[in-house]
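This report describes a metal site and a helix contact. The structure comes first, and the details follow.

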Amino acid sequence: MESDEELMTRVALGDEAALGLLVERYTEPLQRFLQRWTRNRVDAEDLLQDTWVRIARGAKTFRPNQRFRSWAYRIALNLARDAHRRRTVREAYVANHETAPTRTSEDTIDLRRQVDALPESLRDVLLLRYYAGMTESEMTEVLAIPNGTVKSRLHTAIRRLREGSDHE
Amino acid sequence: MNRLCEETQDRLSDAALDQRTPDPIDREHAEACDACAQHRNFLHTLRSALDDVSRVPALPMRRVQDRATRVLRAAQSPAPFGKRLLRVVGLALLPLPFVIAYAIGIAKGASQLLDSILPQSALIWLGMIYFSTLAIGIGLVYAALPFAVAQRRSIERNSESP
Ligand SMILES: [Zn+2]
């Protein structure tokens with residue numbers, strides 16, 4: 001199987017089939033990541049489309065010694081952050097909140113709320129790790145922070161969630 | 001919490017975030033230890049909280065693919081000839097005022113120098129030759145631009161088609 005970076009090198013030359021393969025590989029995990037990040041399905045879908053548009057448009061600027069996954073998630077994360085900043089009224093997000101599926105237990109819903117309420121810096125590492133399966137070194141590329149910081153943020157995120165769930 | 005529990009819980013967390021089952025040794029420990037069992041339960045709830053999102057219907061892949069492909073195609077095709085020529089001519093016009101100012105400066109200097117030696121009519125004639133040669137030179141440079149742009153485009157097109 002061709003690596004993401006090999007495919008991306010082909011995309012840079014205009015290979016549409018290579019782009020199609022990358023879309024197949026990454027659309028679902030990217031959508032799950034954006035969905036949890038934005039907490040809003042419609043926003044996540046828009047951002048997903050925009051992410052692929054940026055990837056296609058910026059294909060020529062992709063350097064083969066980069067990791068595609070880090071590059072793609074950095075684009076997605078930056079778009080999500082920009083969109084979030086543009087929303088002046090924070091409540092807009094809450095109003096559009098996806099309602100929890102009825103089968104879900106109380107604890108699960110509480111914990112999901114806690115994940116949503118985590119500070120952005122902690123939430124980013126948690127979501128990149130869980131939905132993108134990223135290693136610490138990949139996250140340092142996406143978030144432009146040192147390896148040790150990634151580790152400690154992940155640790156803190158888990159600890160906070162655990163403390164929050166113990167108190168309830 | 002002792003060191004063993006702390007390390008076990010870290011490994012349990014790693015396994016949960018990697019969406020895999022923990023190692024047997026950690027599982028055994030968690031079965032015998034209340035603190036780690038609690039942590040495991042918490043991680044279980046965390047996973048179901050995060051997995052909720054996977055129940056969201058996926059966006060039709062075709063739609064994502066089509067749009068990305070259109071953008072890729074647009075990004076690959078060279079800019080239209082007229083637009084590119086305009087850009088090149090615009091750039092080439094930037095130094096023109098300096099060239100003209102420089103040429104006028106030279107002509108003024110020469111006329112001051114030759115004023116006492118040559119008659120007025122000879123000076124006018126020399127001036128006309130100087131400026132017309134300059135105008136033809138500049139004209140040729142600008143006239144070559146469309147050909148240069150066309151040449152560049154055809155090179156780009158040939159290198160794109162395999
Ligand atoms: Zn223990």
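In this predicted model, C33(B) has a relative accessibility of 15% and counts as buried, because buried means under 20%. C5(B), at 8%, falls under that cut-off too and is therefore buried.

| Residue | Relative accessibility | Class |
|---|---|---|
| C5(B) | 8% | buried |
| C33(B) | 15% | buried |

Both cysteines bind the zinc ion through SG. The other donors are H29(B), through NE2, and C36(B), through SG. The coordination distances are 2.1 to 2.3 Å. Angles among the 4 donor atoms run from 98 to 116°, and the site is tetrahedral. Along the sequence, the donor residues follow the spacing C-x23-H-x3-C-x2-C. C5(B) and C33(B) link distant parts of chain B, being 28 residues apart. C5(B) belongs to helix α1 (residues 3-17), whereas C33(B) sits in the loop between α2 (24-32) and α3 (34-51).

The second topic is a pair of helices in the other chain. Two packed helices are described by the angle and the distance between their axes. In chain A, helix α8 (residues 136-143) and helix α9 (residues 147-167) have axes that come within 9 Å and cross at roughly 105°. α8(A) and α9(A) are therefore roughly perpendicular to each other. On the α8(A) side, the contact is made by E136(A), S137(A), M139(A) and T140(A). N147(A), V150(A) and K151(A) make the contact from α9(A). By type, the residues of this contact are 2 nonpolar, 3 polar and 2 charged.

How values were computed
Residues numbered from 1 in each chain as written. Chains lettered and ligands numbered in written order. Predicted model: local features only at pLDDT ≥ 70, side-chain atom pairs only at ≥ 80, totals over all residues. Heavy atoms only, no water. Donors = N, O, S within 2.8 Å, 3.2 Å for Na, K, Ca; no water. Tetrahedral: all angles 85-135°; square planar, octahedral: opposite > 155°, others 65-115°. Helix = DSSP H or I, 4+ residues; strand = E, 2+ residues; numbered from the N terminus. Buried < 20%, exposed > 50% of the residue type's maximum accessible area, 1.4 Å probe, protein only. Axes fitted to C-alpha atoms, helices over the stretch in contact; angles between N-to-C directions. Parallel < 35°, antiparallel > 145°, perpendicular 65-115°, else oblique. Contact = heavy atoms within 4.5 Å. Nonpolar A, V, L, I, M, F, W, Y, C, P; charged D, E, K, R; others polar.
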